[in-house]
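Here is a protein model to walk through together. Let's start with one charged residue and work outwards from there.

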Amino acid sequence: MENAVRDWRGRSYLPGPVPADRTRMFWLAWGAMAAISPLQYGYAALLAKEATGLTLLAVWIACQAAGALPALHLVRRGRLGVRTSLAAGAALSFAGLAAAALPLSAPGAFVGYALLGGLGAGLVYGVCGEVVSAWYPERPAARVGLITGAFGYGAVPLLVWAGIAPAATSTAFLVAAVVALAVIGTAARHLRLPPALWWPEDVDPRSHALDAARLRTTPEAARQFGPAQALRTRTLPALALILTCAGAVSVVDVIVVAGTGSWGALAVLVALNGASRSVAMRCSELFGRRRVLAAVLTALAAGQVLLATALATTPPDAGPVTAGGPLLWLGAVAAGLGGGAFYPLLASLVREFFGVERAGEIHAVVYSAKALAGAGAAALALLALGTPVTALAVAAALAALPALAIPRLRIPGLPATIPL
C-alpha cells in the first residue's frame with residue numbers, strides 16, 4: 001500500500017477522493033432506516049397491547065438483534081455484498097410489514113412479521129450502519145447517530161395516520177410495506193462500501209488523530225480489539241447490560257403511552273426517540289460519551305417516574321385528551337429524550353473502548369443483547385396491562401441502575417492506576 005499513511009498509533013489510512021454520491025448514499029441509508037421503523041415502534045404502539053401481540057414483538061426484536069451480527073460478519077468478509085443484503089432486507093421487511101396488517105391470530109403473522117420482518121430489519125439496520133460509518137470515518141458516530149434516529153421517528157407518519165383513522169391501521173401497514181420495498185430496494189442499488197482503509201483526502205488523518213480537543217472528550221482505544229478479545233473484558237458485558245435494561249424500557253414506554261389513547265403524546269415520544277440520537281451525539285463530542293450516556297439514562301428514568309405519576313393521578317373516567325394531563329406529556333418528552341439516544345452512544349463507546357477496525361462486529365455483539373431487551377419489554381408490558389404504575393416503577397429502576405454504574409466504565413487495556 002504505497003499511498004498509505006500512518007498516524008501516531010500506527011493505524012494505516014489510504015486517503016482518496018470523496019465520491020460525488022457520498023451524500024446521496026447517506027440519505028438513502030437514512031431513508032432505509034426510516035422505512036423499517038414501523039416494524040418496531042409502529043407495531044409496539046398499535047398492536048402490542050395483548051399477550052399475543054407482545055409475544056410477536058418480543059420474537060421480532062430477538063430476530064432483528066440477532067440478524068445484524070451474521071450480516072455484518074459476511075459483508076465485512078466480502079462473502080455477502082451490500083446490494084444482496086439490502087435486497088434481501090427489502091423483501092423481508094415488505095413481508096414483515098404486510099404480515100403486520102394481518103390479525104394477530106393469523107398463522108402468517110408469526111412467520112411473516114416476527115421471523116421474516118425481524119431478520120429483514122436486522123439486515124437493513126446492520127448494513128446501513130456499516131456503510132455510513134465506513135464512508136464517514138472522520139465522524140462515524142455522529143453520522144450513524146443521524147441514520148439510527150430515522151429508525152426512531154420513521155414510524156411517526158404511520159402513528160398519525162392510525163390516530164386519525166384507527167380503522168385504517170391495516171391499510172397503513174400495507175402502505176408502509178410498499179414504501180419500505182421501494183426505499184430499501186433503491187438503497188440496495190446505490191449503497192456500497194469504500195475501499196479498505198479509505199479516508200477522505202480533504203482531512204489529514206494524522207492531524208485528526210492528534211486533535212487534542214477531540215481526544216479530551218472522545219479518547220481513542222488503547223489498542224485494536226477483535227470480537228473474541230472484547231468478549232474477555234468486563235466492559236463489553238457492561239455495555240450489553242446497559243442496552244438490555246434501557247432497550248426494554250424504551251419499548252415498554254411506547255406501549256404504555258399508546259394505552260392512554262393520547263396519540264399526540266405518543267407521536268412526541270416516538271419523534272424524540274429518534275431526534276434525540278443526533279443531539280446526544282453532538283453533545284457527547286462536547287462533554288464526553290459517558291457523561292452524556294449517564295444523563296440520557298437519567299432522563300429515561302425520570303420519564304418513568306413522570307409517566308407513573310401521571311397514570312396514578314388520572315381519574316378512571318378520563319378520556320384520551322385529558323388522560324395524564326401535563327405530566328403525561330412531560331413524561332413522554334423525558335422518556336423520548338432518553339429512550340433512543342443510548343443506542344448511538346453505546347455504538348460510539350464501542351469504538352472508544354475497542355478501536356475502529358472491528359467496531360462494527362463488536363457493536364453487533366453488544367446490539368444482540370437487544371434480544372434480551374425484547375423479552376424484558378414483553379414482561380414489563382404484560383405487567384403494565386394490569387398494573388401500569390408498578391411496571392413503570394420497575395422500568396425506572398432498570399434505567400437508573402445502569403446510569404449509576406456508567407462512571408465506572410474504563411477503556412480496556414489501560415493500567416488500573418490511570419484515573420477515570
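Arg-289 is a buried residue, yet it has no salt bridge. Keep in mind as you look that this is a predicted model. The nearest side chain of opposite charge belongs to Glu-352, and it sits 4.0 Å away from Arg-289. You'll find Arg-289 in helix H13, which covers residues 289-312. Leaving aside residues up to four places away in sequence, Arg-289 touches Ala-141, Thr-217, Thr-218, Met-281, Ser-284, Leu-345, Ser-348, Leu-349 and Glu-352.

So much for a charge without a partner; what about the charges that do pair up? How many salt bridges does a search of the whole structure find? The count is eight. One of them joins the side chains of Arg-22 and Glu-138, at 3.6 Å from N to O. Arg-22 belongs to helix H1 (residues 22-46), while Glu-138 is in the loop between helix H4 (107-135) and helix H5 (140-153), so this pair ties together parts that are 116 residues apart in sequence. Both Arg-22 and Glu-138 are buried.

Now for a pair within a single helix. Arg-282 and Glu-285 meet in a salt bridge of 3.3 Å, N to O. Both lie in helix H12 (residues 263-287), three residues apart, which is about one turn of the helix. Arg-282 counts as partly exposed, because its relative accessibility is 45%.

Another salt bridge connects the side chains of Glu-361 and Arg-358, at 2.9 Å from N to O. Are these two buried or partly exposed? Glu-361 has a relative accessible area of 4%, so it is buried. Arg-358, at 27% relative accessibility, counts as partly exposed. There is also a network of salt bridges, which links Asp-21, Arg-24 and Arg-192.

Time to step back and take in the whole chain. It contains 18 helices and three strands, and the C-alpha atoms fill a box of roughly 70 × 50 × 35 Å along the principal axes. A compact globule of 420 residues would have a radius of gyration near 22 Å, and the chain's 21 Å agrees with that. Of the 420 residues, 55% are buried. Look at contacts between residues at least 6 apart in sequence, and 83% of them join residues at least 24 apart.

As for the outside, the accessible surface comes to about 16700 Å², and carbon and sulfur atoms account for 67% of it. The chain has 30 positive and 17 negative charges, and the mean positions of the two sets are 4 Å apart.

Technical notes:
Residues are numbered from 1 along each chain as its sequence is written. This is a predicted model: local features need pLDDT of at least 70, side-chain atom pairs count only at pLDDT 80 or more; totals for chains, interfaces and linings use all residues. Side-chain values use heavy atoms; hydrogens and water are left out. Helices (H or I, at least four residues) and strands (E, at least two) are DSSP runs, numbered from the N terminus. The radius of gyration is taken over C-alpha atoms; the globule rule is 2.2 Å times the number of residues to the power 0.38. Buried means under 20% relative accessible area, exposed over 50%, partly exposed in between (1.4 Å probe, protein chains only). Contact means heavy atoms within 4.5 Å. Accessible areas come from the Shrake-Rupley method with a 1.4 Å probe; for residues, only the protein chains shown count as cover. Lys and Arg count as positive and Asp and Glu as negative; His and the chain ends are not counted. The place of a charge is taken as NZ of Lys, CZ of Arg, CG of Asp or CD of Glu.
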